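Q: I would like to learn how to read the features of a protein model. Could you walk me through this one?

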Amino acid sequence: MSVFRMTIGNPIPTQAIIHDEGFSAIENRPYVHALKDSVVLTLALEEGAPIWGLGQQLGGINKRGRVYGAYCTDDPHHTEDKTTLYGAHNFFVIGGKKPLGFYIDFPGRVQYDVAFTDPDQLSVTISGTSCTLYEIQEDTVKDVLIAFRKMIGKPYLPPKWALGYFQSRWGYASESDLLGVKAAFETNDLPLEGIYVDIDYMEAFKDFTIDTQRYPDFKGLNEMFQKDNQYLIPIIDAGVKIEPGYALYEEGLQHDYFVKNKEQAPYVAAVWPGHVHFPDFLKPEVRKWFGDWYQFLYDLGIRGIWNDMNEPAIFYDPETLEKAIDYATSLKGKALDIHSFFSLGDVFRNLSNQLTYYETMQHDYLGQTYSNDTLHNLYGYYMTQAAYEGLERINPDQRHLILSRASHVGMHRYGGIWTGDNASWWSHLALNVQMMPSLNMVGFLFTGADTGGFGGHCSGELLTRWLQVSVFTPLLRNHSAIGTRDQEPYQFGQRVLDHNREIMYVRYRLLPYLYSTMIMAWEYDTLMFKPLALEFDDDRVNTIEDQLLLGDELMIAPVVLPNQKGRMLYFPEDMTLIRLKKDQISLAPVTKGDHFVPYALDEVVCFLRRNKTIPIAKACQTSADLDTNHLTWVLGQNQAATFEWYDDDGQSQVTSPLVTTHVTISETDDFQASEKLCQSIVVKRPE
Ligand code: GLC
């Protein structure tokens, strides 16, 4: 591995890179320009060379031709003109004959112009005069990706049950709503692993409280779910309500745990509960304190949590709101012209997440004071570390479900992420497919999008097509916003329900494969979802943005447009087409080249590569019912193949090197040769 490290100025440590043995220090590079207030990198691009990486971003798998930013932002409108989402992942690879990887270790704002202004140039603007730059030289893009993953350490691994089907909705208002959802899943014969419980369970949106009016017996409720091997995953927000007598607030104040303003008083902003203070998660003692509070939920039987609004999101700060109201008052009774009318709207529209708020917030980090904007991207990262370590202290032997909205490189060691407040738009379904490889590149394996879309109204067809994608992503959560059309699979009539049932059960049929593949990606520092260009040396695949490889065995190519009966796709080699339903598997050979493949709404379609085999389980209701002793093995276009299979109890800590089983399936096994199916091979795992 050839990694070069260049230290510019006096960088703020981020702990993103934890393995830096054998790196060569360099003094300078011609593409680095240290300016008065910033550092700029200008990199010449070979014509057509793809750019990979940047983690959670809008745009394609190949990043060329667009502008991007890295500054954790709560912006629920993921329209094409936006440049930043909730995560900051400053890693990219320039493909081509001599691939080159870069990681910019800098916790503030970074902007990328990737062959947008100048088609032959990539320029990066780092908003500060100090950073650490890593340059990774390897022979192949795949090796650059592995080298980077080794630098940042092994990802967080969720328990196996976290890969089940979860329902969620902001707006489930009470215990009876949750029980109603549980019952409806049963009545409609739908698998359900649990429910993510949104902010309404809290008393006045206060972290680590329960609204006992709506949830008179939260512990008992959780037990009702757990007896059916189902889990409740409550949300926790970054802001702590200012309310005398509220224990979390009082403790934070007493121990000086909150982020300060420039006068060294606790900084006041507003989020869901109204005025809040923000815990200064950058301090280890604050992480310990807040992390210990997860015990409150653990004692109620909770085994997974969901950290939110941790960019941190700010609706307004009181002074700015006051000024806005004064401005509006000053216009009262006046005939507003073009300028005053639009400026009035802008004043209120732009109240949230203003840069001045982040400039005002002061952190105490490693003994120094920094304003939030200079290390903004670390906040959600350290909140999630607090949760991970808190739960680890409570039960070190078990894996817990941990999900965060904001993230930074390095946070992948403590939790997964979802892709934030997407919308029920077909374009966001396509985006979900495109984002998966880049998220894996920066270490996030437990990830996925809000299935069906969070904002806006979903149609039955969109939900069905979305499930056909999410059935492959480790996080499978149907989540929607308050005020939108109900989005449970049974809300769209009998036909959609019947289709969704087939697909949701297929998720469980694929679970042995998906779980093993996720943990193999952890072990070998590889991607679970790969662009085709990383495996095939074929000009055609360089431009493919809507087909992916999943693990070493499958290709997926979902339908991401409405009113389709199927789609055209490119096969870079001969493959086996697999159609899966709850109780059916059908197979057909496909030859290299372009083909139209019909995709019905009640099935899952994927393609098995040559010389490969995968296990398919029987359909079941939860991961606890999964029978891994009776699997059907599907064999590709070959006489025999071996699968390196990982399985475990689904909850103990995983240690490297993994103990795996090599399952060899050949045509001489008890084989239905015509269909290339091998039924019920019993494989014993090593103890
Ligand atoms: C944020 C989250 C969303 C959640 C909502 C209410 O918008 O991203 O998932 O439903 O807050 O808590």
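A: Happily! Let us start with a term: a residue is called buried when its relative accessible area is under 20%, exposed when it is over 50%, and partly exposed in between. Keep in mind that this is a predicted model.

Q: How does that apply to Cys-131, buried or exposed?

A: Cys-131 has a relative accessible area of 1%, so this cysteine is buried.

Q: How many disulfides are there?

A: The idea here is that two cysteine sulfur atoms count as a disulfide when they lie within 2.5 Å. By this rule the count is 0. Take Cys-131 again: it is in no disulfide, and the nearest cysteine sulfur, that of Cys-72, is 17 Å away.

Q: Why does Cys-606 have no bond to Cys-620?

A: Cys-620 holds the closest cysteine sulfur to that of Cys-606, but the two are 17 Å apart, which is too far for a bond. Cys-606 is buried as well, because its relative accessibility is 0%.

Q: What describes a pair of aromatic rings?

A: Two things: the distance of the centres and the angle of the planes. A search of the whole structure finds 43 aromatic pairs. In one of them, the rings of Tyr-103 and Phe-148 have centres 5.3 Å apart and planes at 40°. Planes under 30 degrees apart count as stacked and those over 60 as edge-to-face, with the rest called tilted, so the pair of Tyr-103 and Phe-148 is tilted.

Q: Which parts of the chain does the pair of Tyr-103 and Phe-148 tie together?

A: Tyr-103 belongs to strand 9 (residues 100-105) and Phe-148 to helix 1 (residues 141-152), so the pair ties together parts that are 45 residues apart in sequence. Tyr-103 counts as buried, because its relative accessibility is 0%. Phe-148 is also at 0%, so it counts as buried too.

Q: What kind of pair do Trp-161 and Tyr-231 form?

A: Theirs is a stacked pair, with 3.6 Å from centre to centre and 5° between the planes. This pair links distant parts of the chain, 70 residues apart: Trp-161 is in the loop between helix 1 and strand 13 (165-168), while Tyr-231 is in strand 15 (residues 231-237). Both Trp-161 and Tyr-231 are buried.

Q: Which residues form one aromatic cluster?

A: One such cluster includes Phe-208, Tyr-257, Phe-258, Phe-278, Phe-281, Trp-289, Phe-290, Trp-293, Tyr-294 and Tyr-379.

Q: Which residue lies over the face of Trp-306?

A: Look for Arg-477, which lies over that face at 4.6 Å from the ring centre. There is another case to find: Lys-582 lies over the face of Tyr-505, at 4.7 Å from the ring centre.

Q: What can I look for at the surface? Which residues make a nonpolar patch there?

A: Leu-336, Ile-338, Phe-341 and Phe-342 make a nonpolar surface patch of about 400 Å². Among them, Ile-338 lies in helix 7 (residues 338-349). Its relative accessibility is 57%, so Ile-338 counts as exposed.

Q: Now the backbone, please. What is the sign of phi in most residues other than glycine, and are most peptide bonds cis or trans?

A: In most residues other than glycine phi is negative, and most peptide bonds are trans. With that in mind, look at the bond from Glu-311 to Pro-312, which is cis, with omega near -5°. Pro-312 is in the loop between strand 19 (304-308) and helix 6 (318-330). A cis peptide bond also joins Ser-656 and Pro-657, with omega about 0°. You will find Pro-657 in the loop between strand 38 (640-645) and strand 39 (661-666).

Q: Where is Met-309 found?

A: Met-309 is in the loop between strand 19 and helix 6. Its phi is near 55°, a positive value in a residue other than glycine. At 3% relative accessibility, Met-309 counts as buried.

Q: And what is phi of Gln-264?

A: Phi of Gln-264 is near 70°, again a positive value in a residue other than glycine. Gln-264 sits in the loop between helix 4 (247-254) and strand 17 (269-271). With 47% relative accessibility, Gln-264 counts as partly exposed.

Key: Residues numbered from 1 in each chain as written. Predicted model: local features only at pLDDT ≥ 70, side-chain atom pairs only at ≥ 80, totals over all residues. Heavy atoms only, no water. Phe/Tyr/Trp six-rings, centres within 6.5 Å; stacked < 30°, edge-to-face > 60°. Helix = DSSP H or I, 4+ residues; strand = E, 2+ residues; numbered from the N terminus. Buried < 20%, exposed > 50% of the residue type's maximum accessible area, 1.4 Å probe, protein only. Lys NZ or Arg CZ within 6 Å of the ring centre and 35° of its normal. Patch = residues over 30% accessible without salt bridge, like charges linked within 9 Å, V, L, I, M, F, W, Y side chains within 5 Å. Areas by Shrake-Rupley, 256 points an atom, 1.4 Å probe, with all protein chains shown as cover. Salt bridge = Lys/Arg side-chain N within 4 Å of Asp/Glu carboxyl O.
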